Amino acid sequence: MLTITQALVDRIVAHARKDHPDEACGVVAGPAGSDRPERFIPMLNAAMSPTFYEFDSGDLLKLYREMDDRDEEPVIVYHSHTATEAYPSRTDISYANEPGAHYVLVSTADTDGLGDFQFRSYRIVEGEVTEEEVTIVEAY
Amino acid sequence: MAIEVRIPTILRTYTDGQKAVEANGDTLAELFADLETRHAGIQARIVDGGELRRFVNVYLNDEDVRFLDGINTKVADGDNVTILPAVAGGMA
């Protein structure tokens, strides 16, 4: 289960909205081992594409150095789908390399009748996708 | 002296959980072959068909080696190599 504050959900959704029609992506870091998302870090989609995202390689190194120095880990890795539902694609699954992270997907499309800005969370471990419940709280 | 190689979480299963290991070689290709002798299986996660895998980033002292000589980039004692899987995906 992912427990996250309303404020962080709002920031992720706002980022996805702002970058639409391109995919938006980023991380919410938290203290190592805490499973608590705290620090919102929007990333540049170096692919600048409506169908693909990739963190810029220089930004990626800086991000991981910084998290290492602060004893943090990527609790959430998020990105948006702009024309399909908020479910991991085959591409998402094959490049999911953080088995400890919650993979959050936001859809900025309304193709499946579930409404705008679906916000869903998954674990992706060794190619296996498991959707998990999202609990939104005011504060931890 | 040797070259320090920083290992991402996903590959630490090959290094008994160690975040950094040491290796030797004159190029990245040699370095990864040397790593393989002590951490069997790791090379194939980084190298495919003699080239760096597209979605694995390798940095030599903070520089993405794609902007250097890729897998043939020269390395020397005291250098620092960082391996980071790309964070990528999308509906495509």
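1. Strand pairing in chain A. In β6(A), V106(A) is the bridge partner of S80(A). This pair belongs to a parallel pairing of β5(A) with strand β6 (residues 102-107) of chain A, which extends over 6 bridges. The coordinates under discussion are those of a predicted model, and the remarks below should be read accordingly.

2. The sheet of chain A. The two strands named above are part of an open sheet of 6 strands, whose order is β3-β2-β5-β6-β7-β8 (chain A) and whose pairing is mixed. Its edge strands are β3 (39-43) and β8 (128-132) of chain A, each of which pairs on one side only. With direction ignored, neighbouring strands of this sheet are turned against each other by 30 degrees on average.

3. Helices on the sheet of chain A. Helix α1 (residues 6-19) of chain A packs on the sheet and touches β2 (25-31), β3, β5, β6 and β7 (118-125) of chain A. The direction of α1(A) makes about 55 degrees with that of β6(A). A second helix, α2(A), also packs on the sheet, where it touches β2, β3 and β5 of chain A; the direction of α2(A) makes about 145 degrees with that of β5(A).

4. Overall description of chain A. Chain A contains 3 helices and 9 strands, arranged along the sequence in the pattern β-α-β-β-β-α-β-α-β-β-β-β. Its radius of gyration is 14 Å, close to the 14 Å that the globule rule gives for 140 residues, so chain A is as compact as a globular protein of that length. Along the principal axes, the C-alpha trace of chain A spans about 40 × 35 × 30 Å. Of the 140 residues of chain A, 39% count as buried. Among the contacts in chain A with a separation of 6 or more, 63% are accounted for by residues 24 or more positions apart.

5. A loop position in chain A. Where is G33(A) found? G33(A) lies in the loop between β2 and β3 of chain A. Is this residue buried or exposed? With 9 other C-beta atoms within 10 Å, G33(A) is exposed, because a residue with 12 or fewer such neighbours is classed in that way. The C-alpha atoms of G33(A) and E72(A) are separated by 8.3 Å, although these residues are 39 residues apart along the chain.

6. Overall description of chain B. The secondary structure of chain B amounts to 2 helices and 8 strands, and their succession along the sequence is β-β-α-α-β-β-β-β-β-β. The radius of gyration of chain B is 13 Å, close to the 12 Å that the globule rule gives for 92 residues, so chain B is as compact as a globular protein of that length. A box of roughly 45 × 30 × 25 Å, taken along the principal axes, is filled by the C-alpha atoms of chain B. Of the 92 residues of chain B, 33% count as buried. For contacts in chain B between residues at least 6 apart in sequence, 47% join residues at least 24 apart.

7. The sheet of chain B. An open sheet is formed by 5 strands in the order β2-β1-β7-β5-β6 (chain B), with mixed pairing. At its edges stand β2 (20-23) and β6 (63-64) of chain B; each has a single partner strand, so one side of each is left without a neighbour in the sheet. Strand β1 (residues 3-6) of chain B pairs in the parallel sense with strand β7 (residues 80-85) of chain B over 3 bridges, and V5(B) stands opposite V81(B) in β7(B). Helix α1 (residues 28-38) of chain B packs on the sheet, touching β1, β2, β5 and β7 of chain B, and its direction makes about 110 degrees with that of β2(B).

8. The contact between the chains. Chain A contributes 25 residues to the contact and chain B contributes 17 residues. On the side of chain A that touches chain B, two or more residues come from each of β4 (53-54), α2 (57-69), β5 (72-81) and α3 (90-94) of chain A. Of these elements, α2(A) gives the most, with 5 residues. The residues on that side of chain A divide into 10 nonpolar, 11 polar and 4 charged.

9. Elements that meet across the contact. α2(A) lies across β5 (56-60), β6 and β7 of chain B and runs at about 105 degrees to β7(B). In addition, β4(A) pairs with strand β8 (residues 88-89) of chain B in the antiparallel sense over 2 bridges; there, Y53(A) stands opposite G89(B).

10. The nonpolar core. The largest nonpolar core has 49 residues, of which I76(A), Y103(A), L31(B) and V81(B) touch the most other members. Leaving aside residues up to four places away in sequence, L31(B) touches I3(B), A23(B), G25(B), V75(B) and V81(B).

How values were computed:
Residues are numbered from 1 along each chain as its sequence is written. Chains are lettered from A and ligands numbered from 1 in the order in which they are written. This is a predicted model: local features need pLDDT of at least 70, side-chain atom pairs count only at pLDDT 80 or more; totals for chains, interfaces and linings use all residues. Two residues are in contact if their C-beta atoms, placed from the backbone, lie within 7 Å. Helices (H or I, at least four residues) and strands (E, at least two) are DSSP runs, numbered from the N terminus. Ala, Val, Leu, Ile, Met, Phe, Trp, Tyr, Cys and Pro count as nonpolar, Asp, Glu, Lys and Arg as charged, and the others, Gly among them, as polar. Two strands pair if DSSP finds at least two bridges between them. A nonpolar core is a set of buried Ala, Val, Leu, Ile, Met, Phe, Trp, Tyr and Cys residues joined through C-beta atoms within 7 Å. A residue is buried if 20 or more other C-beta atoms lie within 10 Å of its own, exposed if 12 or fewer, and partly exposed in between; C-beta atoms are placed from the backbone. The radius of gyration is taken over C-alpha atoms; the globule rule is 2.2 Å times the number of residues to the power 0.38. Axes are lines fitted to C-alpha atoms, for helices over the stretch in contact, and angles run from 0 to 180 degrees between N-to-C directions.
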